[in-house]
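Trainee: Could you take me through a close look at a single part of this model, the place where the ligand sits? I'd love one long answer that then works outward to the rest.

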Amino acid sequence: MSNIKIAPSLLAADFGNLQRDVEMVDNSMADWHHLDIMDGVFVPNISYGMPVMKAIEKHATKPLDVHLMIIDPDRYIKTFAELGAHVLTVHYEACTHLHRSLQAIKAEGMKAGVALNPHTNINVLEDTINDIDLVCMMSVNPGFGGQSFIENTYNKVRDLKALIQHKRAKTLIEVDGGVTSKNAKALVNAGADVLVAGSFVFKSENPTLTIQELKDITS
Ligand code: DX5
Ligand code: ZN
């Protein structure tokens, strides 16, 4: 029995039928909803913001895993707590005072996540890993769904797993970007605990079955 979590990314949902797609995820084998918030500054794209998250929260029964791809995220930590975020993930590259941001997220009662861009070495988390509930390992450059998986991610997941074990931390490893049924098992074998999948789920013929497939492959 494994505890691997599947977190479909609503970025790839049909926004004209958002309630339907949120309910599909709720009624599937998925564990979390993954929400991608982009500001057009930290990443070269704008996704959706607070009003849309509020609409998602209204229908969602599963935890909201919120991935902030925004500069200066400290400004909005309280807001995302009020919007019902369960996990709030900030980018390492967007935080000058990462330790302070992590404490602020936890003070609002959320789990604290840190996302790493593909170019960022996992060693930068050596001194904060025991304060981090989840590391979101980007396996594409953040900003867009539907990109292809960067193969070096396996090495990074293995290195991060070793660091977590060495430090006796309880941090979960999440992999985000280009996840499919082809790389899911290998990612879990490398040490991943949570798999985010956007296009692979929502662009498939039967998203509910695709989620089930990912769950089966990783169990
Ligand atoms: C990318 C986002 C991802 C994205 C994943 O910037 O962080 O969560 O939605 O989409 P796929 O699975 O299509 O790569
Ligand atoms: Zn994401």
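Mentor: Start at Gly143: a backbone N or O atom of this glycine lies 2.8 Å from an oxygen atom of ligand 1. Keep in mind as we go that the model is predicted. Gly178 makes a similar kind of approach, with a polar backbone atom 2.8 Å from an oxygen atom of ligand 1. Ser199 uses its side chain instead: a polar atom there lies 2.5 Å from an oxygen atom of the ligand. How much of the ligand does the protein cover? On its own, ligand 1 has 380 Å² of accessible area, and the protein covers 99% of that. In all, 20 residues surround ligand 1, and the closest are Gly143, Gly146, Asp176, Gly198 and Ser199.

Now pick up Asp176 from that group of closest residues and follow it into a strand. Strand S7 covers residues 172–176, and it pairs with strand S6, residues 134–138, in the parallel sense over five bridges. If you want a spot to find that pairing on screen, look for Met137, which stands opposite Val175 in S7. Is S7 mostly enclosed or open? Four of its five residues are buried, so the strand is largely enclosed by the rest of the structure.

Just ahead of S7 there's a nice oddity. Arg168 is found in the loop between helix H5 (153–166) and S7. Its phi is positive, about 50 degrees, although Arg168 is not a glycine. Arg168 is also exposed, with a relative accessible area of 75%, whereas most of S7 is tucked away, with four of five residues buried.

Zoom out and you'll see that S6 and S7 belong to an open sheet of eight strands, with parallel pairing and the order S1-S8-S7-S6-S5-S4-S3-S2. The edges are strand S1 (5–8) and strand S2 (33–38), each of which pairs on one side only. On average, neighbouring strands in this sheet are turned by 25 degrees against each other, ignoring direction. There's a helix to spot here too: H4 (residues 98–107) lies across strand S4 (87–91) and strand S5 (111–116), and it runs at about 145 degrees to S5.

Let's walk to the S2 end. S2 and S3 pair in the parallel sense over six bridges, and His33 stands opposite Leu64 in S3. Why call S3 largely enclosed? Six of the six residues in this strand (residues 64–69) are buried, so the rest of the structure largely encloses it. Both faces are covered: Leu64, Val66 and Leu68 are buried on one side, and Asp65, His67 and Met69 are buried on the other.

Move past S3 and you meet a second oddity, Asp72, in the loop between S3 and helix H3 (77–82). Asp72 isn't a glycine either, yet its phi is positive, about 45 degrees. With a relative accessible area of 39%, Asp72 counts as partly exposed.

Now hop to the other edge. Pro8 lies in strand S1. Is Pro8 buried or exposed? Its relative accessible area is 0%, and buried means under 20%, so Pro8 is buried. Leaving out residues up to four places away in sequence, Pro8 touches Val25, Ala30, Trp32, His33, His34, Ala197, Val201, Phe202 and Ile211. You've already met His33 on that list, as the residue opposite Leu64. For a sense of distance, the C-alpha atoms of Pro8 and Gly113 are separated by 17 Å, with their positions 105 residues apart along the chain.

One last stop. Val201, which Pro8 touches, is also in contact with Thr210, along with Phe200 and Ser204, once neighbours within four places in sequence are set aside. Thr210 lies in helix H8 (residues 207–218). A polar contact of 2.7 Å joins the side chains of Thr210 and Ser204. At 7% relative accessibility, Thr210 counts as buried. So that's the trip: from Ser199, one of the residues closest to the ligand, out along the sheet to both of its edge strands, S1 and S2, and finally to Thr210 in H8.

Definitions and conventions. Residues numbered from 1 in each chain as written. Chains lettered and ligands numbered in written order. Predicted model: local features only at pLDDT ≥ 70, side-chain atom pairs only at ≥ 80, totals over all residues. Heavy atoms only, no water. Pairing = 2+ DSSP bridges. Helix = DSSP H or I, 4+ residues; strand = E, 2+ residues; numbered from the N terminus. Axes fitted to C-alpha atoms, helices over the stretch in contact; angles between N-to-C directions. Contact = heavy atoms within 4.5 Å. Near = heavy atom within 4 Å. Polar contact = N/O pair within 3.5 Å; in protein donor to acceptor, adjacent residues only side chain to side chain. Areas by Shrake-Rupley, 256 points an atom, 1.4 Å probe, with all protein chains shown as cover. Buried < 20%, exposed > 50% of the residue type's maximum accessible area, 1.4 Å probe, protein only.
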